[in-house]
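The following exercises concern burial and packing in a single model. Each task is followed by a worked solution.

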Amino acid sequence: MKIFPTLFSLACACSLPLAQAREVMDKPNVIIIYLDDSGYGDFSYNGNPVIETPNISRLAHNGLNCTQFYVSSPACSASRYSLLTGRYPGRSGFGTWVIGPGSKPHLRSAEITIAEGLKANGYKTGMFGKWHLGNPNKGNQMSTEALPLAHGFDTWVGTNVSHDYDNAKLLKSDPSGNKPVKGYSEVAKNLPSDDEASTSLTGLYTDAAVSFIKQNKDKPFFAYVAHNQPHLGLYVSEKFKGKSKRGLLGDVMAEVDDSVGRILQTLKDEGIDKNTLVVFSSDNGPWILFRDLKFKNHPKYGEARTHVGYAQPFRDGKGSTWEGGHRVPGIFYWPGVIKPQRLLAPVSTLDVLPTVLTITGAKLPDDRKLDGRNISPYLLGSDSQKVDDFEFIYSYFDNKPSAIRVGPWKLHIRIGSQTGNNYNFKASEKQPLLFNVEEDLGERIDRASEQPEIVERLLKKLRDKRSEIEKTGVIK
């Protein structure tokens, strides 16, 4: 299968002058790099002793390293919804945290994404990677609104869902294409059984993103690079195979890190690095439980269990209501604009849309509730007192609240874990759990009995927010 290296031609190798850079604050370019199931502890800058991620460390050490960075959901589709819309998953109408290839729901056309906001402000927009916000199928009458071009992206190459689904497809935007629907063509299908396609993904997305940057260097652009890795199963190209002391997971992270390095180098080579904001994060915590129990007697089962990542120092991981499901790496990098610093104040992916649209001069939606905040004062070094206080809802499998954080306090009304372990705790609205997650990173000490006033205050806030989402959430 020889199609992958030629999917996107790289920019001409001939010598060309660098782009005439705009003023730094004049419609800066925006790149969001979003990993899949990558935990807080999967990176060298967060202390992993055997995984090497020097380019991501460069982002962290030379940008705004958010040490308390959150996603709204510990699973894929709901998390991506919040990143792109700035809204809690309960407003999506999905009904659950993951949309499979046969699911009827998809991202509604009435939603306004970052891509749509920037496109309306004159930006070229491209997506390179996993979508997982809908798929054309019989349940939705093969709707073209289920895929990225209907939501503000000019171009796309990526998987419709996670690559571990048996019928996962690699698709690309194609004006003359009609598969699976008009405007797209199919590059590969049944990805788990196609090693060549699956191992190509990280490099393919990087090549496409680099080409897009070069083609649009003279105009403002938005690139959303949504890697499939390190979601199980792990796939890595031959160049990075066997390179890490951490085994296959380390190899995968090395290739992702190389992708980040190539994108940063392209920005520098084209003279637009100081005109570009780069946001780096992951959709949720790591898949800490190897799920293919049906293969428990397989001779490679023991090795496969080592493929999962790390949420440490937080409890649990993907699919859980604990911090390990919602706390992920979060970095904002913009040379010459963002001063290198560790930001200890909590922020979330909900804050990305209002912040990006504000900084770029794009219009913020005023006909719907946005749940994120404009945190540009943190990025630009202006008065941080202008940033609204952090109040955050943790959503669970049904996209409804499971917990709330206000200040350092986190209140659980229900708990869940991918592992099925409740760590000897129980939680309900009648008997909630209360943790100080700044003093107690691992959520070990329930403080509810000591702090009844805080419990009452947070419980009221959670109920009020749940009611508001239920009444006003879904845009028809």
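**Exercise 1.** Determine which residues of helix α1 (residues 54-62) are buried, and establish how they are arranged about the helix axis.

*Solution.* The structure is a predicted model. Step one is to apply the cut-off for burial, under 20% relative accessible area. In α1, Ile56, Ser57, Leu59 and Ala60 are buried. Step two is to look down the axis of α1: the buried residues fall within an arc of 155°, so they line one face of the helix. Step three turns to the other side of α1, where Pro54 and His61 are exposed. Finally, the cover over the buried residues of α1 includes β2, α5 (248-269), β9 and β10 (330-333).

**Exercise 2.** Identify the residues that touch the most other members of the largest nonpolar core, and the elements that each supply at least two of its residues.

*Solution.* This core has 49 residues; Ile32, Leu118, Trp131, Phe222, Tyr224, Phe332 and Leu379 touch the most other members. Elements that each supply at least two residues include β1 (29-35), α3 (114-119), β8 (221-226) and α8 (352-360). The largest share, five residues, comes from α8. Beyond its neighbours within four places in sequence, Phe222 is in contact with residues including Val30, Ile32, Leu118, Phe153 and Phe212. A second, separate core of 48 residues includes Leu59, Phe128, Leu232 and Trp287.

**Exercise 3.** Describe the pairing of strand β16 (residues 433-436) with β15 (residues 409-412), and decide whether the faces of β16 are covered or not.

*Solution.* The two strands pair in the antiparallel sense over four bridges. Within this pairing, His412 has Leu433 of β16 as its bridge partner. Leu433 and Phe435 lie on one side of β16, Leu434 and Asn436 on the other; all are buried, and both faces are covered.

Definitions and conventions
Residues numbered from 1 in each chain as written. Predicted model: local features only at pLDDT ≥ 70, side-chain atom pairs only at ≥ 80, totals over all residues. Heavy atoms only, no water. Buried < 20%, exposed > 50% of the residue type's maximum accessible area, 1.4 Å probe, protein only. Pairing = 2+ DSSP bridges. Core = buried A, V, L, I, M, F, W, Y, C linked by side-chain atoms within 4.5 Å. Contact = heavy atoms within 4.5 Å. Arc of directions from axis to C-beta.
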